[in-house]
Amino acid sequence: MSTPCIICVAITGSVGRKEHNPAIPVTIEEQVESTQAAFEAGAAIAHCHVRNDDQSPTSDPEKFARLMEGLRTHCPGMIIQLSTGGRSGAGEARGGMLRLKPDMASLSVGSNNFPNRVYENPPQLVEWLADEMLKYDVKPEIEAFDLSHIHQAVALSKQGKLKGPLYVQFVMGVKNAMPVDKPTLDFYVETLNRLAPDAQWCGAGIGPNQALLNEWSIAAGGHTRTGLEDNVRLDRHTLAPSNAALVERVVTLCEKYERPVATWQQARRMLDLAE
């Protein structure tokens, strides 16, 4: 049997707003409802951000705690992955929710350009976030926007600063960062396999490239991410009606490539997480 494909759903992010797509869940209640539908459709990981009442992003641990409570109640077994991304806070505030002990948290191990700013991840902050993840037994998902991020993640892992085995997500399609290019993805996968043979990887495409990265990743034996954080449309003319609809599209691709969709139990075993 082919390796099961782990589907991660990025439910809301920090940028998309209701005016971009009314289906983007903002309140805790909306996020729990949207995630439950995505979970039932086949997603095993929920990548989570939280928002203020005005839709602006925040790293407020209290909001994350409420979201985690709702997800654990309505999506039992689903892997909860909290974001420590830089759009929601600055400095150590980005990791204030790690004491809640989610299953996973995102970790960017280096800086890179974003469309209109520099996404700053200075070494001191990266090491502090990594230390906090070890302290609270949180498995990092490495968000790789650049080749150097792969090398840095492997170096941190070899130093015992990351809970292994590595799980690396290649993010493609962010303007001014890693482009959407199949030979580049192939090289990144080859590099990760060479440097960390026990690592697993995931592909995430931004905007209209989401479906393309889903297909490339599934066809290559990797895992993949979908959701309204990265893309608000089914196609150029149609807004995605829900996170579940985007997950269903990935499930169809898994069927095309004869990849079983990983259950939450399988995903936890593959990522060495407690069931």
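Modeller: A strand here is a DSSP run of E with at least two residues, and strands are numbered from the N terminus. Gln169 lies in one of them, strand β10. Please keep in mind that this is a predicted model.

Biologist: Thanks! How do you know whether Gln169 counts as buried or exposed?

Modeller: Buried means under 20% relative accessible area. Gln169 has 0% relative accessibility, so it counts as buried.

Biologist: And which residues is Gln169 in contact with, leaving aside its neighbours within four places in sequence?

Modeller: Contact means heavy atoms within 4.5 Å. By that test, Gln169 is in contact with Glu141, Ile142, Glu143, Ala144, Cys202, Ala204 and Arg225.

Biologist: Let's go on to Asn176. Where is it found, and what makes it buried, partly exposed or exposed?

Modeller: Asn176 is found in the loop between β10 and α5. Partly exposed is the range between under 20% and over 50%. At 45% relative accessibility, Asn176 falls in that range and therefore counts as partly exposed. Leaving aside neighbours within four places in sequence, Asn176 is in contact with Asn113, Phe114 and Pro115.

Biologist: What is the sign of phi at Asn176, and at Asp137?

Modeller: Asn176 has a positive phi of about 80° although it is not a glycine. Asp137 also is not a glycine, and its phi is positive, about 60°. Asp137 lies in the loop between α3 (123-135) and β9 (139-144).

Biologist: Why do such values deserve a mention?

Modeller: Most residues other than glycine have a negative phi, and most peptide bonds are trans. On the subject of peptide bonds, a cis one joins Gly164 and Pro165, with omega about -10°. Pro165 lies in the loop between α4 and β10.

Biologist: Now for the helices. How do you know whether the length of α5 agrees with what is expected?

Modeller: The expected span is 1.5 Å times one less than the number of residues. Helix α5 (residues 182-195) has 14 residues and should span 20 Å; its end C-alpha atoms are 20 Å apart, so the two agree.

Biologist: Which residues of α5 are buried, and on which side of α5 do they lie?

Modeller: Leu185, Tyr188, Val189, Thr191 and Leu192 are the buried ones in α5. They cover an arc of only 160° around the axis, which means that they sit on the same side of α5. The face turned away from that buried side carries the exposed residues Pro183, Glu190 and Arg194. As for partners, the buried residues of α5 pack against α4 (147-158), β10 (167-172), β11 (200-205) and α6 (210-219).

Biologist: How does α4 fare with the span test?

Modeller: With 12 residues, α4 should span 16 Å, and its end C-alpha atoms are 17 Å apart, which agrees. Its buried residues are His149, Ile150, Ala153, Val154 and Leu156. Seen down the axis, these fall within an arc of 160°, so they line one face of α4. What covers them includes β7 (112-113), α3, β9, β10 and α5. After α4 comes Gly160, whose phi is positive, near 75°.

Biologist: What about α7: which of its residues are buried, and what do they pack against?

Modeller: In α7, the buried residues are Asn243, Ala244, Ala245, Leu246, Val247, Val250, Val251, Leu253 and Cys254. They pack against β1 (7-10), α1 (28-41), α6, β12 (223-226) and β13 (233-235). The span of α7 (residues 243-256) also checks out: its 14 residues should cover 20 Å, and the end C-alpha atoms are 20 Å apart.

Biologist: One more topic, the largest pocket. Which residues lie nearest its centre?

Modeller: Val15, Arg87, Ile206, Glu229 and Asp230 lie nearest the centre, out of 31 lining residues. The volume of this pocket is about 630 Å³. By class, its lining has 10 nonpolar, 15 polar and 6 charged residues.

Biologist: What makes Val15 buried, partly exposed or exposed?

Modeller: Exposed would need over 50% and buried under 20%. Val15 has a relative accessible area of 47%, so it is partly exposed. Val15 is found in the loop between β1 and α1. Not counting residues up to four places away in sequence, Val15 touches His20, Arg51 and Arg87.

Technical notes:
Residues numbered from 1 in each chain as written. Predicted model: local features only at pLDDT ≥ 70, side-chain atom pairs only at ≥ 80, totals over all residues. Heavy atoms only, no water. 1 Å grid on protein atoms, 1.4 Å probe; cavity = no way out; pocket = protein on both sides within 12 Å on 5 of 7 lines; lining within 4 Å. Points joined across faces, edges and corners; volume = space filled by probe spheres on them. Nonpolar A, V, L, I, M, F, W, Y, C, P; charged D, E, K, R; others polar. Helix = DSSP H or I, 4+ residues; strand = E, 2+ residues; numbered from the N terminus. Buried < 20%, exposed > 50% of the residue type's maximum accessible area, 1.4 Å probe, protein only. Arc of directions from axis to C-beta.
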